[in-house]
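Good morning, colleagues. I should like to take a few minutes for a selection of local features and helix contacts. Please have the sequence and the model before you.

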Amino acid sequence: MNLSAAFGTLIGVGAATLLSIRVGQRDYETANKILGNVLILNIIMGAIFTTFFFIFLKPILFLFGASEQSLPYAYDFMVIILSGNIITHLYFGLNGMLRSAGYPTKSMYATIATVVINLILNPLFIFGFGWGIRGSAFATVIAQTVVLCWQLHIFNDKNFFIHWQKGIYKIHTKIFKDSLAIGMSPFLMNAASCLIVALINRQLTKYGGDLTLSAYGIINKISMLFVMIVMGINQGMQPIAGYNYGAKLPDRVIEVLKKSIKYATIVMVVGFIIVQCFPAEVSSIFINRKDANRQEVIDIATNGLRWVFALAPLVGLQMVTSTFFQSIGKPSKAIILSLTRQVIFLIPLLIILPSIWRVTGVWASMTVADFLSIILATILLSGEMKKMKNVLN
């Protein structure tokens with residue numbers, strides 16, 4: 001599913017950034033062409049992705065850590081998810097278009113509606129109809145389908161400055177190339193995350209075993225609680241920064257960047273305080289009280305959380321910086337930030353440190369990679385700020 005999201009962002013994020021910049025430049029003709037290209041390219045990308053993964057689904061599930069016991073569940077779930085993959089790509093792509101066109105409220109309603117429909121259908125399908133994990137997959141696809149229909153209806157409004165119309169469904173080479181260039185950063189970040197998760201799973205299995213894997217699952221969930229909030233801040237920043245960059249208003253670009261860093265830092269500081277002060281209590285929420293290995297998993301998760309969240313107050317800056325470079329159409333710097341943290345820094349550390357400190361080495365690898373990527377983000381961002389301030393002066 002993360003890989004599916006990665007391929008979706010390859011087109012969606014890049015096109016959304018282009019749209020923000022073109023709207024800022026009042027170039028509505030190109031903005032409409034971008035909308036048409038998002039529709040066609042997401043259908044093509046979704047179809048290619050679905051076909052490939054249907055053919056190689058079982059080997060891929062094994063690669064990402066499925067066991068003989070868990071494979072049937074993962075397979076049943078992913079067959080249904082893949083069947084609706086084109087819908088998923090279109091849903092995320094059009095939601096990005098709404099946000100970048102200056103309608104973040106409608107984009108938010110779409111996201112909330114998807115979650116609410118999912119919450120209603122999941123228990124009905126899983127328990128009421130007895131469909132098990134397949135019911136959860138059906139709920140996900142149906143929720144996205146319902147909201148996608150609403151999104152298509154919104155863009156059918158002729159009073160909307162970008163809408164479905166003749167002549168916009170032809171693939172434009174420049175739009176395609178620019179979308180790929182800008183979207184390459186989040187694509188590489190998501191794709192690398194899949195590789196990293198597989199490597200972490202293997203290292204934890206090698207040096208710690210199944211209980212350590214369970215602890216990592218808890219750590220990952222807790223991390224995502226705060227990371228997703230920062231990602232939401234980034235998504236809010238993207239159209240504002242892109243619009244004002246396109247409109248040649250660097251002072252407003254700098255203002256939204258500073259506010260985004262401020263709010264992201266506050267979120268991560270809250271996460272840091274909670275995790276450092278109450279790691280065992282937070283971990284225990286995710287474990288059944290009747291689990292025989294409950295305390296051992298909590299102890300492993302407690303140690304891991306303190307390592308993983310050690311630099312959390314500074315991680316917000318790194319996350320915002322990467323999205324900022326995407327937002328202003330500078331993909332090379334965004335790609336550098338994505339690749340260095342996930343690949344160049346983290347992979348070697350995950351190979352070296354666990355051989356010295358075993359499981360603790362896995363947790364420490366993430367902290368050291370964060371430290372190095374924060375330094376790099378600070379250097380790149382400082383250089384960009386100097387350029388913008390020179391424009392103002």
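Let me begin with a definition: a residue is called exposed when its relative accessible area is over 50%, and buried when that value is under 20%. Please also bear in mind that this is a predicted model.

The first residue to consider is K248. Its relative accessible area is 71%, so K248 is exposed. K248 sits in the loop that joins α9, residues 210-246, to α10, residues 250-277. Its backbone deserves attention as well: phi is positive, about 60°, although K248 is not a glycine.

A positive phi is also found at R26, which again is a residue other than glycine; here the value is near 65°. R26 belongs to the loop between α1, residues 2-24, and α2, residues 28-55.

I turn now to Q203, in helix α8, which spans residues 173-207. Is Q203 buried or exposed? Its relative accessibility is 11%, and Q203 therefore counts as buried. What does its side chain reach? The partner is the backbone oxygen of L350, at 2.7 Å. Leaving aside residues up to four places away in sequence, Q203 touches G208, L350, I351, P354 and V362.

The remainder of my presentation concerns three helix pairs.

The opening pair is α9 with α12, the latter covering residues 294-308. Their axes are 8 Å apart and the packing angle is about 45°. Angles from 35 up to 65 degrees fall outside the parallel and perpendicular ranges, and α9 is therefore oblique to α12. The handedness of this crossing is right-handed. On the α9 side, the contact involves L211, T212, S214, A215, I218, I219, I222 and S223. On the α12 side, these meet E296, V297, I300, A301, G304, L305 and V308. Sorted by class, the contact between α9 and α12 comprises 10 nonpolar, 4 polar and 1 charged residues.

Next come α5, residues 85-100, and α7, residues 133-154. The two axes come within 9 Å and cross at roughly 45°. This pair, α5 and α7, is therefore oblique too. What is the handedness of the crossing of α5 and α7? That crossing is left-handed. From α5, the contributing residues are I87, T88, L90, Y91, F92, L94, N95 and L98. They meet Q144, T145, V147, L148, Q151, L152 and I154 of α7. By class, the contact of α5 with α7 holds 10 nonpolar and 5 polar residues, with no charged ones.

Helix α5 also takes part in the final pair, with α1. The axes of α1 and α5 come within 9 Å, and they cross at roughly 25°. Because angles under 35 degrees count as roughly parallel, α1 is described as roughly parallel to α5. The crossing of α1 and α5 is right-handed. In α1, the contact is formed by S4, F7, G8, G12, A15, A16, T17, L19 and S20. In α5, it is formed by N85, H89, G96, M97 and S100. Which classes make up this contact of α1 with α5? There are 5 nonpolar and 9 polar residues, and no charged residues.

In closing, I would return to the contrast in exposure with which I began: K248 is exposed, whereas Q203 is buried. Thank you for your attention.

How values were computed: Residues numbered from 1 in each chain as written. Predicted model: local features only at pLDDT ≥ 70, side-chain atom pairs only at ≥ 80, totals over all residues. Heavy atoms only, no water. Helix = DSSP H or I, 4+ residues; strand = E, 2+ residues; numbered from the N terminus. Buried < 20%, exposed > 50% of the residue type's maximum accessible area, 1.4 Å probe, protein only. Axes fitted to C-alpha atoms, helices over the stretch in contact; angles between N-to-C directions. Parallel < 35°, antiparallel > 145°, perpendicular 65-115°, else oblique. Left-handed = near helix turned anticlockwise from the far one by under 90°. Contact = heavy atoms within 4.5 Å. Nonpolar A, V, L, I, M, F, W, Y, C, P; charged D, E, K, R; others polar. Polar contact = N/O pair within 3.5 Å; in protein donor to acceptor, adjacent residues only side chain to side chain.
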